[in-house]
Amino acid sequence: MENIRNFSIIAHIDHGKSTLADRLIQYTGITDARTYKDQILDSMDIERERGITIKSQAIALPYRTKDGKDYTLNLIDTPGHVDFSYEVSRSLASCEGVLLLIDAAQGVQAQTLANLYLAMEHNLEIIPVINKIDLPSADVERVIEQIDTELGLDPDNHLKCSAKEGIGIAEILEAIVARIPPPQGDPSAPLSALIFDAHYDSFRGTVIHCRVFDGTVKSGDIIRFMYNNSVYRVEEVGHFMLSRQKREQLAAGEVGYIIAGVKTVSDVRTGDTITLDNRPCLQPLPGFREVKPVVFASIYPIASDDYQDLADSLEKYKLNDASFIFEKDSSAALGQGFRCGFLGLLHLEIVQERLEREYDLSIILSVPSVRYRFTLKNGIAMEVDNPSHYPDPGAIVSSEEPYIRAAMMLPERYLGAVMKLCMDKRGSNSTLNYPSPGRVELSYEMPLAEVIFDFYDRFKSVTQGYGSFDYDLIDYRPSHLVLVDILVNGEKVDALSQIVHRDRARARALQACERLKEEIPRQMFKIAIQGAIGGEIIARTTISAFRKDVTAKCYGGDISRKRKLLEKQKKGKKRMKMIGSVSIPQSAFLAVLKSDND
Amino acid sequence: MKTPGLYIHIPFCRSKCLYCGFYSSTSLDLVPEFLKALPLEMDLYRSEFSSFDTLYIGGGTPSLLSAGELGAILEATAKRFTISSRAEITLEANPADLTPLSLQAWRRLGINRLNIGVQALDDGALAFLGRRHNRSQALAALQAAGDAGFANVGLDLIYGLPGQKLADWRETLRLALSFSPAHLSCYQLTVEAGTPLSRLLARGEIQLPNGEALADLFFTTAAELEKAGYIHYEVSNFARNKDLLSRHNQKYWDHTAYLGLGPAAHSFHGQRRWWNHGDLGAYLGDLGKGVPPRAAEEKLTRDDLCLETLFLGLRTKKGVNLRDYLRCYDRDLLSEKSEPIALLEKKGLVMIKNGCLRPTLAGLAVADSLALI
């Protein structure tokens, strides 16, 4: 255990996290750069494009210090978005220290701060590392000052490097050994291991990523998941290196994997504790949360022939995403599809992109919704997350919506703007706290529905990226709800319907009409868009028809080019859904929720 | 099988116009070399083509060739192919090149149709477009063509110029109509990539009329010319009576074969399309080596041909012949696309008449979208 160090790299986006990780891996010699790229970095391209990581990848690096001692440095990568903040916290909980990476040219940025706060919450040893010192615009002195004034850390304890050029890597590795404390734990105590991620391997089944705190685990052991007491027999344990390396056992302080005949990733809960069935530990490790989907939307194939392909792809996708749920659904406007649950809007967008890119599907998503509760006259209580299942208004006795408590951390200068934003979102019961000069801790209770859609983006915008935001579900509270329907050329499009708070209904209907007018391209016929509650039209816009689109000339030399252009347009049309006589692009459904100041 | 048409591209101009995307060179010293190469290209196609019933000499500016040079081209053509006795032989001419002498010479050569690139009848517009002639030259040319006894004279006009008002355009049309031309082509100003016009637009130095104004111009043109008794037989083309349609151009729209000679010229035969280099040097170079001066070739699939039949047919008044479509492609368009067609019929954009799917005037204006059904 003395010779183990568990750490993570945290940084603002594009400050060089991946490059540094590459260098550390290369330097410790377990692979050359090309093989590593081919094997690991090539996966998850959607993630790389968005600059986020969804899966926590861990890798064990063997390192020999200058004075000849051997160590195992476990690098645990972390996902980076509020939708996945729980996963981030579990990855950090598995570490003893972090490298806080700062771009020498850009200096301390919003996420640098946000990530620092997170690391401090977990009491991790923090090593500031100034990266990209090779850049001509690098201003190392300024960053050192920022480490002092903006981060409140000891500026003398920083390191410098250029991950790209491979400078300063040895010093970083030495510092990891010297400054990050070794893990504490008792290998002979009852097993207590934290699950920080899991993925599905088509040959071996579910692979559990874990950090062992106490005890040991080896092949043949019967383990127990403490969240639901399910038991499994361990087939194999080992370390993550370039590929999985089998080991005799995993002991206290180590990071690695367990394969135990667990069928799907949905059987595993991030943050859960693994213990031995015949000698369980007394308490699960702290911080466990049941992660539940909170936003729901339906997915339909644009071409009904693709239904089976969509079904198959959803099954395949689910193998690696425990927090994604789905079941059959159908819509009058869009046909047969699936009702899906997501952790948040980013999660939804990632799933959408993944389905389109990896499985090459053309899909439409309905307008997303949270889950509401209704009590009807006949005494029945129902949960509704699909607007098309909205009960008969005449039968409703009470309606409730989910509330959250938002915990926000931001520099004081943005306090006014953020409070206004929260009030706009029907926030109440706020608390204010000043943990250190210039920094504010603010909490508000808000309806989940107001927060789920564009709150995070607007919050980031008014705090210029410096604010951090997290939330917890609290309870369901009474709320006056109505169903806003959208009609296109007189036809109700059920996939565009929304359940909205009464006070917001008119504005939301108008907003939906405006967004649709922007998103739906002009067509050969006029398009009337109306927002309605019950039978009453409360908002309307019109998209006029275009009267001329034909090109002036079409002689011998124009035909080939024109044909290719039309073929391209035909392909584009395939990505739109025909509702009656109107072609509606996929983007229209999600855009309906975006508010004006985006 | 309809008789193929022959197109010959004369790739020379005295100056380049603002908007023109056709290939031409201003190095007139290369004319002799081009004239020597052209028959060599003809030779390469003697086995594939034998006779034509239309010959269209376009460009560039074909009228800057001397009568002798034009004669040599026609002679070389007649030596290698059969030009039917009642062939339509069209020469594109610049108004500044129309003199009584040249007109006489052209008639003697057997040219029986003229297409005059008038483009505008307003000096300001003509200057903007970069044309070599002015309004009075244009009017004089139209007069001279009639005087020289050409029965089949067509002219090109462009609308949708920056700042052009509907009333101005109506005036232009009326003036053109006063010559009772056999044929009128009225084109919306189109921005082609790489032209000076496109650069002007990109730099924000000019502003083109908006979609509504352009639609108005199109429908006004159609109304004015229909009122004057012209047949609106294709999106931009009008004929005084049914015998005065451009027989050559119609081949483009009904999948008749055609051979294109000269740089940048396009051909269509069987199920293949091919086109020549859009560069005189490359054209001459290949022919010097005895090689067809082709830039590219494509083999069309059945789906390609179906789409072409649709978008080409919907540009024309007579539309897409449904029986022919069925025979050609083994596809029943009416039943395959019954819903979209029914909707378009309901909205007054198409009609089914005499076994043809035909665009109405409103449909003609959106023919490109119609073809997407």
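In the predicted model, A:Ser298 stands opposite A:Arg339, a residue of strand 19 of chain A. The two strands concerned, strand 17 (residues 295-301) and strand 19 (residues 335-342) of chain A, run antiparallel and are joined by five bridges. In general, the strands of a sheet pair through backbone hydrogen bonds, in either a parallel or an antiparallel manner.

The pairing of strand 17 with strand 19 belongs to an open sheet of four strands in chain A, arranged in the order 18-19-17-20 with antiparallel pairing. At its edges lie strand 18 (325-331) and strand 20 (363-365) of chain A, each of which pairs on one side only. From one strand to the next, the twist averages 30°.

Two helices of chain A accompany this sheet. Helix 8 (residues 307-318) of chain A lies across strand 17, strand 18, strand 19 and strand 20 of chain A, and runs at about 140° to strand 17 of chain A. Helix 9 (residues 345-358) of chain A also packs on the sheet, where it touches strand 17, strand 19 and strand 20 of chain A. The direction of helix 9 makes about 165° with that of strand 20 of chain A.

The model further shows contacts between chains: 24 residues of chain A are in contact with 37 residues of chain B. On the side of chain B that touches chain A, helix 11 (residues 302-313) of chain B gives the most, contributing five residues. By residue class, this side of chain B comprises 22 nonpolar, eight polar and seven charged residues.

Conventions:
Residues numbered from 1 in each chain as written. Chains lettered and ligands numbered in written order. Predicted model: local features only at pLDDT ≥ 70, side-chain atom pairs only at ≥ 80, totals over all residues. Contact = placed C-beta atoms within 7 Å. Nonpolar A, V, L, I, M, F, W, Y, C, P; charged D, E, K, R; others polar. Pairing = 2+ DSSP bridges. Axes fitted to C-alpha atoms, helices over the stretch in contact; angles between N-to-C directions.
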